[in-house]
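User: I would like to go through the reasoning behind some of the terms applied to this model. Please begin with the packing of two helices.

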There are 2 protein chains.
Amino acid sequence: MSGAGPPRGRTPEREARGASDRPQACGDRPGEFGLIARHFQRPPRSPDVRVGIGDDGAVVAPAPGTEYVISVDMLVEGRHFAAGADPVWIGHKALAVNLSDLAAMGARPRFVLLAGALPAPDAAWLGAFMEGFDALAARYDVELIGGDTTRGPRTLCVTAIGDLPAGSALTRAGAGPGDAIYVSGTLGDAALALAAADGRVSVDAALLPPLQRRLDAPEPRVALGQALRGIASSALDVSDGLTGDLGHVLAASRAGATIDLAAIPCSDALRKLMRGPHRGVALACLLSGGDDYELCFTAAPAMRERIAALAATLQLLLTPIGTITAAPGLAVRDETARPLATLPRAFDHFA
Amino acid sequence: MSGAGPPRGRTPEREARGASDRPQACGDRPGEFGLIARHFQRPPRSPDVRVGIGDDGAVVAPAPGTEYVISVDMLVEGRHFAAGADPVWIGHKALAVNLSDLAAMGARPRFVLLAGALPAPDAAWLGAFMEGFDALAARYDVELIGGDTTRGPRTLCVTAIGDLPAGSALTRAGAGPGDAIYVSGTLGDAALALAAADGRVSVDAALLPPLQRRLDAPEPRVALGQALRGIASSALDVSDGLTGDLGHVLAASRAGATIDLAAIPCSDALRKLMRGPHRGVALACLLSGGDDYELCFTAAPAMRERIAALAATLQLLLTPIGTITAAPGLAVRDETARPLATLPRAFDHFA
């Protein structure tokens, strides 16, 4: 964008700015792409990374006896984040949703690749994005090992790789009749922030910031996911709404479930709405609100003590909300133990 | 998009349509998203895939003594393919560019994840896209293990994973003075197809189809890449143009190179243009045209016989075009052995 650049001689120093298999082509001159590429520049950190950023592909060495868990998520401007949203939080969330997937499998996050389309080589935007991305990556010791950048409508695609002892992955398929159903943290606040922003409910202004933070900066339950290996019989993250996501567990496990509305943990703000004229919206937030990124897992009754101890260790709510049944179907009992006649719909990107 | 769907009861059969960590949410009703998700539906095939499509992440088991190579590429409508382009070829190319990256590292392609944004749940478009994608995947026994779909400007992001014996990856850093520089196949035809389409040159209509095919349906050099392990001292794929990409090898290897224009293999169509009034365009196609996806590699002189044998086995041109030098800098000698004064610029997504 900014001038024709210097003569085409290259130096290893300049080259090292290369961000990925393609954009490195542009690391060889100090144009705006050079500025962008610099945001990705970093030497390999883990000894398991044999080749990091700056070649056609990254090379990683799995430890003996481990398996890799791989997840990919795409975030699109105007759909997953607003055009004017703070890029620091977009960077956080782009990584968080993938770490949440790894957590739901019980994996330890290890490596990440970042592909992005940007409308222009906006170094300020990308710098802020990488600030949020890197801060979360550093907390969980996740290493950026490759990527791709191109021009296009703002879109971020993150591929995350975790590892775990062979055979220990938590899937959606292991829930059995009699298992208790748990969720971590509280549900519905991210959806409530959206509902408040859309004017569907009014929420006391003082209560809004923590709700908004749940939407903007979800906290992946990384430690919980790993700790649940050997404890949970199934797990997933609540990204599209509790009833829809729990439905995946039931389908994969060929089972049913009964859950108790009153047991589902939620914020005071949401609990208050449940008792007022906006109960319908509150119910939808709680049962089918996406973007919470809490874990929903099942465990045999014998695991109750271990789960309580885990909650204390992690300082994280782990709440039993219902039971897996042999009979198929998902029933939600209201506060008077009567089944809800209809459940709110799960989020559908194409609905 | 099409109606509200049936009651919310789920069956394992319906659930099995789930395409990925997110879109499965939509496999539970026969709407248009159900149609889309069906395109991804497939049971795990390789015994190394412990958990395939349909959970929060895929789980793969690396074979002892192997390392994984991971690459990601993003393709954007209007930038990497035209809005009206045949989706079969887009599907082919989205995978091909990633397999080319794996080939350049010497890896055997194993697994792939596909994330895509689509403006609408267009089952016909996606069906054709997957036809091209799957046909190439089948040829190289690559297994789709996960993905993500969302609504947005048409964008495809492919993550490819390959494996190779530990320590055998071909990087950009191993070229040494005296090594010969080779390229596979011919260079410049994809760029020539673009130049002809843009009206920068006129090409005999009878010669156009093979040029266009080079642009639309590049052939990743998968067998060659793996065969070069233990032979090549460095390798990469020519995706942004020969001189720019070779520059990455020189930078990473802290070396220079001299290449001979007359030695660079190209099609008759391009060779003819080199001798006419459009020599400038032809030179640019040959030296800095992207999208060829041939391999450029270096090898010690002692490897000459083995490389000739490999060319015969693979029925693929492997042509020496120059030599690595200790002195830095890239010199291109023209047909009269005089260095070209200026080199065409490499492709830059943000230029």
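Analyst: In this predicted model, helices α3(B) and α6(B) are described as oblique to each other.

User: Why are α3(B) and α6(B) called oblique to each other?

Analyst: The axes of α3 (residues 87-105) and α6 (residues 208-216) of chain B cross at roughly 55 degrees and come within 9 Å. Angles under 35 degrees count as roughly parallel, and 65 to 115 as roughly perpendicular. The crossing angle falls in neither range, and the pair is therefore oblique.

User: Which residues make the contact, and how do they divide by character?

Analyst: On α3(B) the contact involves B:Trp89, B:His92 and B:Lys93, and on α6(B) it involves B:Arg213, B:Leu215 and B:Asp216. Two of these residues are nonpolar, one is polar and three are charged. Trp and Leu count as nonpolar, whereas Lys, Arg and Asp count as charged.

User: What makes β1 of chain A and β5 of chain B edge strands?

Analyst: The open sheet has six strands with mixed pairing, in the order β1(A)-β2(A)-β3(B)-β6(B)-β4(B)-β5(B). β1 (49-51) of chain A and β5 (143-151) of chain B each have a single partner strand, so one side of each lacks a neighbour in the sheet. On average, neighbouring strands are turned by 20 degrees against each other, direction ignored.

User: How do you know that β1(A) and β2(A) pair?

Analyst: Pairing requires at least two bridges. β1(A) and β2 (residues 58-60) of chain A are joined over two bridges in the antiparallel sense, so the criterion is met. A:Val49 stands opposite A:Val60 in β2(A).

Methods: Residues are numbered from 1 along each chain as its sequence is written. Chains are lettered from A and ligands numbered from 1 in the order in which they are written. This is a predicted model: local features need pLDDT of at least 70, side-chain atom pairs count only at pLDDT 80 or more; totals for chains, interfaces and linings use all residues. Side-chain values use heavy atoms; hydrogens and water are left out. Axes are lines fitted to C-alpha atoms, for helices over the stretch in contact, and angles run from 0 to 180 degrees between N-to-C directions. Helices (H or I, at least four residues) and strands (E, at least two) are DSSP runs, numbered from the N terminus. Angles under 35 degrees count as roughly parallel, over 145 as roughly antiparallel, 65 to 115 as roughly perpendicular and the rest as oblique. Contact means heavy atoms within 4.5 Å.
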